[in-house]
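Here's a protein model to explore together. Have a look at it first, and then we'll walk through how its strands line up.

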Amino acid sequence: HMGFRSLRVINEDRIAPGMGFGTHPHNDMEILTWVLSGAIAHKDSTGGGSTLRPNMIQHMSAGSGITHSEFNPSSEESTHLLQIWMRPEARGLQPSYSELAFDPEEWRGKFKTLASPDGVDGSVKVRQDASLSVAELSTGETTTHSLRPGRHAWIQVTRGSLSLNGVTLETGDGAAVSDENELVFAGIDAGQVLLFDLN
């Protein structure tokens with residue numbers, strides 16, 4: 001399934017030890033990387049580069065053009081990650097790179113903003129009217145998210161299972177949400193969920 005509002009695609013990648021993606025180009029795309037396990041070593045033409053691990057969010061704005069490479073630096077452990085592509089607010093923007101590390105306690109039982117257009121709550125800034133949040137819910141734990149009029153949501157379960165307004169979602173499931181005022185999440189099998197709030 002490709003394309004919901006400004007969200008273009010969520011790639012779920014599993015990378016074997018020592019393997020990865022050689023230098024390749026992108027343009028006019030907002031790219032977020034969220035590592036679920038292992039690590040990914042990143043280098044790009046803006047001079048950005050580091051090793052990304054769980055509880056870190058990486059943002060690369062491809063803009064007018066960027067090249068980058070990504071490799072699993074481990075000789076033993078595989079890497080499991082999500083790479084998220086969103087359309088930018090305008091074409092031909094200046095390329096940029098940023099990353100942030102978080103304390104996972106910030107999203108225990110509630111949503112924590114990882115990316116937003118205005119950097120709210122210490123998040124990385126994206127060039128689109130969209131935000132990305134994460135929550136970890138234990139079994140029986142609940143949390144909510146309100147959608148303003150005209151907003152939409154994409155839900156991606158990265159681990160465990162939960163119910164969303166009474167609908168059960170399992171690991172790897174995604175849900176497109178429109179015409180809802182409030183989203184009620186309840187943990188079934190303890191896990192993690194990503195929430196995209198989109199225009």
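## A sheet, strand by strand

Let's start in the middle of things: strand β3, residues 30–37, pairs with strand β6, residues 56–61, in the antiparallel sense, and 5 bridges link the two. Keep in mind that what you're looking at is a predicted model.

Want one concrete spot to find on screen? Go to threonine 33, whose bridge partner in β6 is glutamine 58. Threonine 33 also stands opposite glutamine 83 in β8. That takes us to the next pairing: β3 and β8 are antiparallel too, with 7 bridges between them.

Which strand does β8 join by 8 bridges? That's β1, and the two run antiparallel. To see a point along this pairing, look for isoleucine 15, which has threonine 79 of β8 as its bridge partner.

Here are those pairings side by side:

| Strand pair | Bridges | Sense |
|---|---|---|
| β3 and β6 | 5 bridges | antiparallel |
| β3 and β8 | 7 bridges | antiparallel |
| β1 and β8 | 8 bridges | antiparallel |

If you're wondering what holds such pairs together, strands of a sheet pair through backbone hydrogen bonds, and they can do so in a parallel or an antiparallel way.

Now put the pieces together. The result is an open sheet of 5 strands in the order β1-β8-β3-β6-β9, paired antiparallel. Why do β1 and β9 each have one side without a neighbour in the sheet? Because β1 (7–15) and β9 (96–101) stand at the edges, and each has a single partner strand. On average, neighbouring strands of this sheet are turned by 15° against each other, ignoring direction.

How covered is β8, which spans residues 79–86? Mostly: 7 of its 8 residues are buried, meaning under 20% relative accessible area.

## Zooming out

So much for the sheet; what about the chain as a whole? Its secondary structure comes to 17 strands and 0 helices. The radius of gyration is 16 Å, close to the 16 Å that the globule rule gives for 199 residues, so the chain is as compact as a globular protein of that length. If you drew a box around the C-alpha atoms along the principal axes, the box would be roughly 45 × 40 × 30 Å.

Of the 199 residues in the chain, 49% are buried. The accessible surface comes to about 9,100 Å², and carbon and sulfur atoms account for 46% of that.

Finally, think about who touches whom. Among contacts in the chain with a separation of 6 or more, 72% are between residues 24 or more positions apart.

Terms used. Residues numbered from 1 in each chain as written. Predicted model: local features only at pLDDT ≥ 70, side-chain atom pairs only at ≥ 80, totals over all residues. Heavy atoms only, no water. Pairing = 2+ DSSP bridges. Helix = DSSP H or I, 4+ residues; strand = E, 2+ residues; numbered from the N terminus. Axes fitted to C-alpha atoms, helices over the stretch in contact; angles between N-to-C directions. Buried < 20%, exposed > 50% of the residue type's maximum accessible area, 1.4 Å probe, protein only. Rg over C-alpha atoms; globule rule 2.2 N^0.38 Å. Contact = heavy atoms within 4.5 Å. Areas by Shrake-Rupley, 256 points an atom, 1.4 Å probe, with all protein chains shown as cover.
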